[in-house]
Amino acid sequence: MGLFIRTFLITVVICLGYFIWAFVGKESYEPNLKLNDKNFHEAVKIRPTDEGNSNEVIIFMLNSENVPKTKKRKANENNLENALKELVKGSERQERLDGYYSEIPKNTKLLSFKEDADSIMINLSKEFEEGGGAQSIQARLLQLVKTVNYYKKDKPVYLYIEGKKAEYIGGEGIYVEQPLNEENLKF
């Protein structure tokens, strides 16, 4: 009987140690990367103006180091709605050849866009939350928020998926704090 108890206690200690290592020390349900990390973010100093080509919009794509960078795209008019339409299209062939990509899944569609005096509401198709892990979800949210902030700095952004306010998205059920702002995206 003494051998059984020793084996049982050793097994419990090993399981407890693994649990602490896996769920407390090593991994977490919320990635803990810093939003203001200079290696991950880019300061945006350019804002859209009436000068220049009004048939181009600015969107944010990720480079090979996962740093969001501005990219120009042709559009009917230089406004936020057209920028969002271009953003959800994903990366184009030349952008991929230049080392830029998007975490926003293919076939994602901008279903509706509404801006009022106090907020911006973006309604995307269900494809937006499909595939990828926590870091991918956070990166696509960051691409979305940085693109919106380029045009409408300091206006709260609310995300809807298929007309329902997003609370948890992705296969891992990543919590989405609303309104979306760079400050509340946890990396």
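**Close-up views of strands E4, E5 and E6**

**View 1. The chain as a whole.** Read along the sequence, the elements of this predicted model follow the pattern α-β-β-α-α-β-β-α-β-β-β-β, which comes to four helices and eight strands; helices (H or I, at least four residues) and strands (E, at least two) are DSSP runs numbered from the N terminus. Of the 187 residues in the chain, 39% are buried, where buried means under 20% relative accessible area, exposed over 50% and partly exposed in between (1.4 Å probe, protein chains only). Because the model is predicted, local features need pLDDT of at least 70 and side-chain atom pairs count only at pLDDT 80 or more, while totals for chains, interfaces and linings use all residues. Residues are numbered from 1 along each chain as its sequence is written, and side-chain values use heavy atoms, with hydrogens and water left out.

**View 2. Asn123 in strand E4.** Asn123 lies in strand E4, residues 120-124, and counts as buried because its relative accessibility is 13%. Its side chain reaches the backbone nitrogen of Glu162 at 3.2 Å. Beyond its neighbours within four places in sequence, Asn123 is in contact (heavy atoms within 4.5 Å) with residues including Lys109, Leu111, Tyr160 and Gly163.

**View 3. The pairing of E4 with E5, and the turn into E6.** E4 and E5 run parallel and are joined by five bridges, with Asn123 standing opposite Tyr160 of E5; two strands pair if DSSP finds at least two bridges between them. E5 is joined in turn to strand E6 (residues 164-165) by two bridges, and these two strands run antiparallel. Ile161 has Lys164 as its bridge partner in E6. The hairpin formed by E5 and E6 has two residues between the strands, and Glu162 in the turn has a positive phi of about 55°.

**View 4. The two faces of E5 and the largest nonpolar core.** Side chains alternate along E5, so that Val157, Leu159 and Ile161 point to one face and are buried, whereas Tyr158 and Tyr160 point to the other and are not. The largest nonpolar core holds 34 residues, of which Ile122, Leu124 and Leu159 touch the most other members; such a core is a set of buried Ala, Val, Leu, Ile, Met, Phe, Trp, Tyr and Cys residues joined through side-chain atoms within 4.5 Å. Among the elements that give two or more residues to this core are E4, helix H4 (134-151) and strand E5 (157-161), and H4 supplies its largest share, eight residues. Leu124 is in contact with Leu144, Leu159 and Ile161, among others.

Notes
A polar contact is a pair of N or O atoms within 3.5 Å; within protein, one must be able to donate a hydrogen and the other to accept it, and residues adjacent in sequence count only if both atoms are side-chain atoms.
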